[in-house]
Each structure stands twice: as structure tokens, then as C-alpha cells.
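Colleague: Before I plan anything at the bench, could you take me through this model a piece at a time?

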Amino acid sequence: MLTVVAALLAACSQQTDERTSVFTNISEHHYFKQNLPDSLRYDSEFEPYSEVKIFMEWPEKLRGKVPEALQKEIINLAFNDSVNDINTVVANRVKQPIFYEDVPSVTQEEVDSIPQEYSSFLSINVMPSYMGDRVYTYNIGLSNYMLGAAHGLESRQTVCYDLKLEKVIMLDDLVADRDKMVELIKSAIEADYGTDDNCIDYSLIDLTDNFAIDEYSISFIYNPYEVACYAQGEVVARIPFYEFFSQKCLTPYAKELFSIVE
């Protein structure tokens, strides 16, 4: 009897492990005094301090499996690195002087705080934005400012992961007719932003592999300067799945993924 109970408990435990998703919070916040040669000091009013902030909900396991393809793509988009160990990647990012990673003459020393109003900064924020039965979508938010520049720059990159096939979803996996998809994207942007009172250049709008999938739609994301001026900010074309019913622009895989039956 005890053997049977133990076997049942073990089976239940195994089933629980197979369904469990595990995320690790990674949080780093550091201040540095950068040591720059005079030839690299562009602002004489402020000392070259920098601030680095990293926050991540790192996907250790999704439904009991290690999402290696997703992990690699997050590291690539957030850190432009190919090292597989996230702790090593984060440590490498923190120890390198921001904006001077490839300049051997620039060093830095960590300080408790920054004793002035302005400094260079880098912020990396990695969070899931959608967690569905089949698809997980991750947002990688990047924000930086170099001391002395006119303004900082913010961008958002996304990665969508197919839990069933254990793969990162690529643009070519979804789009069968690129021209028709571009038409839908332009229509969505025009409906949300209009054609007046903005600086969107519709001639620059093309397919982008920066897209996010949620429960009801797919959104194509254009960061500042990609299709519009900096002041316009991020431009997003959100297309609900139902709009694809009359359009022959999706692959069979996309139709299955979006539960579209024609």
C-alpha cells in the first residue's frame, strides 16, 4: 500500500514539474565614476559619472522545460552577447564602462551615489508581456543617455516563443504575402495616428521582425527614428487576428497559432 501511495505521489510531483514555469529575478543597480582621457570629455561642466540599472524576469523554465532558444535570443537582444550564462552576461555588462566598452584607456570605479544632477545612464528591462497557453512574448526595454548628448534614446525589442515547438517565432514563420501584410500595417498605423500632425513617414514603413503576439492580436513595433522623428516616439501597428480572415497573407503555421479557420 505504501509503495502504491509513494508511486502516485511521485507521478503527481513529476506532472507538477512538467507544468511549472520558473522565473529568476535579476536586479542590478550601480553608480560609477568614469575615468576618461581629456580627448573624450565632451562636457566640462559635469564629471563623467554613469548609472547602470538592469532588471530581468529571467525564464529558467517554461512548463517544466528550459527555453534555451528564448534565453539565447533575450541575451542577444538585451546585451548583444552570445554567452549562454546569464549571470556572466550581466556581470560583463556591469563591469564595462557604458559607451566606452571598446576603449581600453577608459576605466571606472564604483561609487555610492552620483553627486550631480546629470550623468550617463543605461537601463535594461526584460519582462514577459504575454504568457499564453502556446506563446510567450518578452519585452526588452533599453534606455540610455550619454552625458552631453541632446537627449537619450529608448527602444523596445520583442521576442515571441512557441512553447509547443520550443522555438523563437520568426517573421518568415508567419507571413506568406509580405506586400499584403505591409498594407495592413500601414492601415493600422494610419487608423491610430492619422496622416496629419505627426512626423511618420509612411514610405519608410516596411515589415519588421520586431513584433509582439498577445491573446487577440499581433503588434509590429517601430522604435524612434525608424519610421518617424524622435519626438513621435514609438510607433505601433496593432492588428487584431480577426482582420486576417479576409486576407491571404498568413502561413498555415500562423493560422494555427492564431486559431484562424478560413
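The turns below go through a sheet, two helices and one residue of this predicted model.

Colleague: In which order do the 3 strands of the open sheet lie?

Modeller: Two pairings settle this, and both are antiparallel: β8 is joined to β9 by 3 bridges, while β9 (residues 217-222) pairs with β10 over 6 bridges. The edge strands, each pairing on one side only, are β8 (211-213) and β10. The order is therefore β8-β9-β10, with antiparallel pairing.

Colleague: Which residue of β10 stands opposite Ser217, and which residue of β9 stands opposite Ala212?

Modeller: For the pairing of β9 with β10, Ser217 has Pro240 as its opposite residue. For the pairing of β8 with β9, the residue opposite Ala212 is Ser219.

Colleague: Is strand β10 largely enclosed or open, and how many of its residues are buried?

Modeller: Strand β10, which covers residues 235-240, is an edge strand of the sheet and pairs on one side only. It is nonetheless largely enclosed by the rest of the structure, because its buried residues number 5 of the 6.

Colleague: Which helix packs on this sheet, and what angle does its direction make with that of β10?

Modeller: Helix α5 packs on the sheet, and the strands that it touches are β9 and β10. The contacts with β9 and β10 come from the buried residues of α5. Between the direction of α5 and that of β10 the angle is about 110°.

Colleague: How far apart are the end C-alpha atoms of α5, and what span should its 16 residues have?

Modeller: Helix α5 covers residues 178-193, and at 1.5 Å a residue it should span 22 Å. The expected span agrees with the model, because the distance between the end C-alpha atoms of α5 is also 22 Å.

Colleague: Why are the buried residues of α5 said to be on the same side of the helix, and what arc do they cover?

Modeller: The buried residues of α5 are Met181, Val182, Leu184, Ile185, Ala188 and Ile189. They lie on the same side of α5 because the arc that they cover around the axis is only 160°. The face turned away from that buried side carries the exposed residues Asp179, Glu183 and Ala191. The arc asked for is thus only 160°.

Colleague: Which residue has a side-chain oxygen close to the backbone nitrogen of Asp179, and which residue follows α5?

Modeller: At the start of α5, the backbone nitrogen of Asp179 has a side-chain oxygen of Asp177 within 3.2 Å. After α5 comes a residue with a positive phi, near 75°, and this is Gly194.

Colleague: What does the buried side of helix α2 pack against?

Modeller: In α2 (residues 68-79), the buried residues are Leu70, Gln71, Ile74, Ile75, Ala78 and Phe79. They cover an arc of only 135° around the axis, which puts them on the same side of α2. These buried residues pack against β2 (49-61), α3, β4 (120-131), β5 (135-145), β6 (153-162) and β7 (167-168).

Colleague: Is Ile86 buried or exposed, and how far is it from Ile26 in space?

Modeller: Ile86 belongs to helix α3 (residues 86-95), and it counts as buried because its relative accessibility is 6%, where the cut-off is under 20%. Leaving aside residues up to four places away in sequence, Ile86 touches Ile26, Met56, Trp58, Ile75 and Phe79. Although Ile86 and Ile26 are 60 residues apart in sequence, their C-alpha to C-alpha distance is 9.4 Å.

Key
Residues are numbered from 1 along each chain as its sequence is written. This is a predicted model: local features need pLDDT of at least 70, side-chain atom pairs count only at pLDDT 80 or more; totals for chains, interfaces and linings use all residues. Side-chain values use heavy atoms; hydrogens and water are left out. Buried means under 20% relative accessible area, exposed over 50%, partly exposed in between (1.4 Å probe, protein chains only). Helices (H or I, at least four residues) and strands (E, at least two) are DSSP runs, numbered from the N terminus. Two strands pair if DSSP finds at least two bridges between them. The expected span of a helix is 1.5 Å times one less than its number of residues. The arc is that of the directions from the helix axis to the C-beta atoms. Contact means heavy atoms within 4.5 Å. A polar contact is a pair of N or O atoms within 3.5 Å; within protein, one must be able to donate a hydrogen and the other to accept it, and residues adjacent in sequence count only if both atoms are side-chain atoms. Axes are lines fitted to C-alpha atoms, for helices over the stretch in contact, and angles run from 0 to 180 degrees between N-to-C directions.
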